[in-house]
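Colleague: I would like a close look at a single part of this model. Please keep the terms plain.

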Amino acid sequence: MIAEVIVDVAAHPIDRPFDYAVPEKFQALTEPGMRVKVPFGNRKVLGFITTIKDTSEFDPKRLKPIHELMDVVPVLNGEMLELAQWMKRQTVCFEIDALQVMVPAALRAKYEKRFVLNAAIDELPKELHPYFGTRDFVRAQEAEAVYGLMKKEMDKGTVLADTNIQQKTGVKKIRMVHITDSAEDIENISIRANAKQQLKLQEFFLKHVGQSFESSQLQKQAGVSLPTVNALAEKGLANFSSMESYRDPSLLTAIEQKIALDLTDEQQTAFDAIQSSLNTEKTFLLHGITGSGKTEIYLQTIAQVLEEGKEAIMLVPEISLTPQMTIRFKERFGDLVAVLHSGLSAGEKYDEWRKIQRAEVKVVVGARSAIFAPFQNLGLIILDEEHESSYKQDDSPRYHARDVAIWRSQQHQCPVILGSATPSLESYARAQKGVYELLALKNRAKNQPLPEVHIVDMREELRTGNRSMFSVELAEAIRARLARKEQVVLFLNKRGYSSFVLCRDCGTVLQCPNCDISLTYHRASERMKCHYCGYDEPVPTTCPECESDHIRFFGTGTQKVEEELAKLVPDARVLRMDVDTTRNKGAHEKILSAFGEGKADILLGTQMIAKGLDFPNITLVGVLSADTTLHLPDFRAAEKTYQLLTQVSGRAGRDVLPGEVYVQTYTPEHYAITLAKDQLYEPFYEQEMAMRRASGYPPYYYVVNIQFTHEDLMTVSGYAQQMTEYLRHRLSPKTIIIGPSASLIARVNNRYRYQCLIKYKNEPKLAEVLQQLIKIYRSDWIKTGATLSIDMNPTTVM
DNA sequence: AGCACGCCGACT
DNA sequence: GTCGGCGTGCTC
């Protein structure tokens, strides 16, 4: 028996199956999808079995045996193994990366180098003795001080180097205590009269003869501690066992079950359309304006799918995976829901994943990677806010959850629902072409009017001498709300919203020494950090350039707004929500719930408040500067701006009170702004499509972004030039190749970055040419220390 | 990627 | 004379 194994080494020449002999003792159990420990070269690595076969092309005499089987049940099923190969082709990633991303982090290997004793300890020099102590190995990390001595011993053969492969987290086991069923034994046991605790426990045992308890419960109920329990167990009154258990991440108290709401006519129509296609691989684009009740359609469709005995995956952007959202699903589906979010520990995530694998839950709500939920009988996949760029992973494997969803829907013959108030142009174009079925919700569920949106021309403000960040109109509106005891949300649409330090004398902004980017001030640690390479240094007291002490911390943008706001409306209670105030776990939720409970009048924040804010008392939303995203050097800048404005506007007037929105901008005539005003999606779509057609971007063209890095500027520019030339020669003349040019952030971690962009409509040879490019990279450039990264269908090209 | 094998400079 | 630098070649 031979197993094909994809080993856990992410490198080009290794990115293919390696054959291993399956030892006799493993043969009964071995299946594709299991993890194995295998010898690879002179070390041991983890791998995934992808295929079982009888013969190998490889010289049978040189086949090595599988060292160890890590699973008794496969962690990946056939569908996932096939999906990994598809992802490899689709995203140009290593197969091992695709496999790893499907499995919870707890199941990925942790490699730990060790020195293992291979002789009697007294054969070693005295200095090394304490390192081994009672064990016959020492972690390399703990023995850094004696590397030289260790090396000598290794040469002698008295110490061996070894790599220990560990699982990060395993199944949580709880200790069970089983009380003997002989009351007689319990009574007759002799306990010293002064062993009060044991006597107490003896009494408890008598009341619960023959019963079993979780150890912790028993201790609590009997009011004793573990040694007492052990003492009686030793006397033969109880025995122990261990039981598998799940960690309990839920901090939620009992959730009241709720029933479905009545659907509006519009919702009903959409629901019916989906329902009649429940067993087909159809993709629906549910285009519903903000507040139109998309979630209720999701919930009821899921209920339908469950009724048919199938399972559902619901994807949401991480940032909207709030307790409010979770509660809504738990209210409807109770224990049938597993929630996967970034707040869970690796162990908790692993437990949720096992519930899915064992089909103990039927619905998964989670961010991007939840698309790999190992359901066997999938009946529905939903991507809420389908336009969100977080659905695309920004490192290898660079997959888009939407593409994986559609692939899985074909495997399972089930529908996909893409929901959004502001669909991505790609999706809407596909709906227009009939590839997806378009379902529209044009009215708000509670029939509230859309908020009235005012666009404020900040150039006018400047002309009339108002240099503050608040226009006269917005300031007025804020005061009016405060007077009426209504709530205000202020949105600072600012990129690089993190804080920096600037010298007011010479204008120096503190830069990272390794990257071409400014350092960010971290309040918690009182240090300056680089978000790209992790470099950090203390906050300076004088300017490193001119030694002036007028060096000043320049707030997050939001902090500056907060200061101005304090002057404008001194009595207002302001909550600020940005990277600084939400750094701690749960801070996000705390701020939101405080605001929801009316503990503040104004909520001031960045991107993160654009979503999921659903409070009835918000009647005013102010966008302080709509321009910042608009002028980013990216083909999606207008689309992002439109989406953001629509999203924020949707926060106002969601209940009975009508809402009002002020959008401040220096470019009030831009279509992304004027059309977002009345949520005129289709005109925006038309206009933006025309732009994309003219400039040759998606959805008219497909894009591939290729990035080159090297520590030397001249080398990388030459390298990028050569590679781009190669592409120009090999791809069709109709394909547009832009660059190479320096990336927007031209240096990260002391490596210079260049990129080129391929824009094509039809390029059948693309995969082949890219493989060829990788070959050239491998033969000519890899040894110089250059890197190559390929991003198929990037969400941004900056 | 990691690790061993293999051929040329500064040290016990 | 050896320890050790990192070039290149392989991993079932």
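Is Cys506 buried, partly exposed or exposed, and what is its relative accessible area?

Modeller: The model is predicted, and every value here is computed from it. Cys506 has a relative accessible area of 37%. It counts as partly exposed because that value lies between the 20% limit for buried and the 50% limit for exposed. The closest cysteine sulfur to that of Cys506 belongs to Cys546, at 3.6 Å. A disulfide is a covalent bond between the sulfur atoms of two cysteines. The cut-off used here is 2.5 Å between the sulfur atoms, so the 3.6 Å between Cys506 and Cys546 is too far for a bond. Seen from the other side, Cys546 has the sulfur of Cys506 as its nearest cysteine sulfur, and Cys546 is in no disulfide. Cys546 is also partly exposed, with a relative accessibility of 36%. By the same rule, the count of disulfides is zero.

Now for the chain around this pair. Chain A has 798 residues, and 52% of them count as buried. Its secondary structure comprises 24 helices and 34 strands. The radius of gyration of chain A is 31 Å, which agrees with the value near 28 Å for a compact globule of 798 residues. Along the principal axes, the C-alpha trace spans about 90 × 70 × 70 Å. Among contacts in chain A with a separation of 6 or more, 73% join residues 24 or more positions apart. Chain A exposes about 37,000 Å², and carbon and sulfur atoms supply 50% of that area.

Technical notes
Residues are numbered from 1 along each chain as its sequence is written. Chains are lettered from A and ligands numbered from 1 in the order in which they are written. This is a predicted model: local features need pLDDT of at least 70, side-chain atom pairs count only at pLDDT 80 or more; totals for chains, interfaces and linings use all residues. Side-chain values use heavy atoms; hydrogens and water are left out. Helices (H or I, at least four residues) and strands (E, at least two) are DSSP runs, numbered from the N terminus. The radius of gyration is taken over C-alpha atoms; the globule rule is 2.2 Å times the number of residues to the power 0.38. Buried means under 20% relative accessible area, exposed over 50%, partly exposed in between (1.4 Å probe, protein chains only). Contact means heavy atoms within 4.5 Å. Accessible areas come from the Shrake-Rupley method with a 1.4 Å probe; for residues, only the protein chains shown count as cover.
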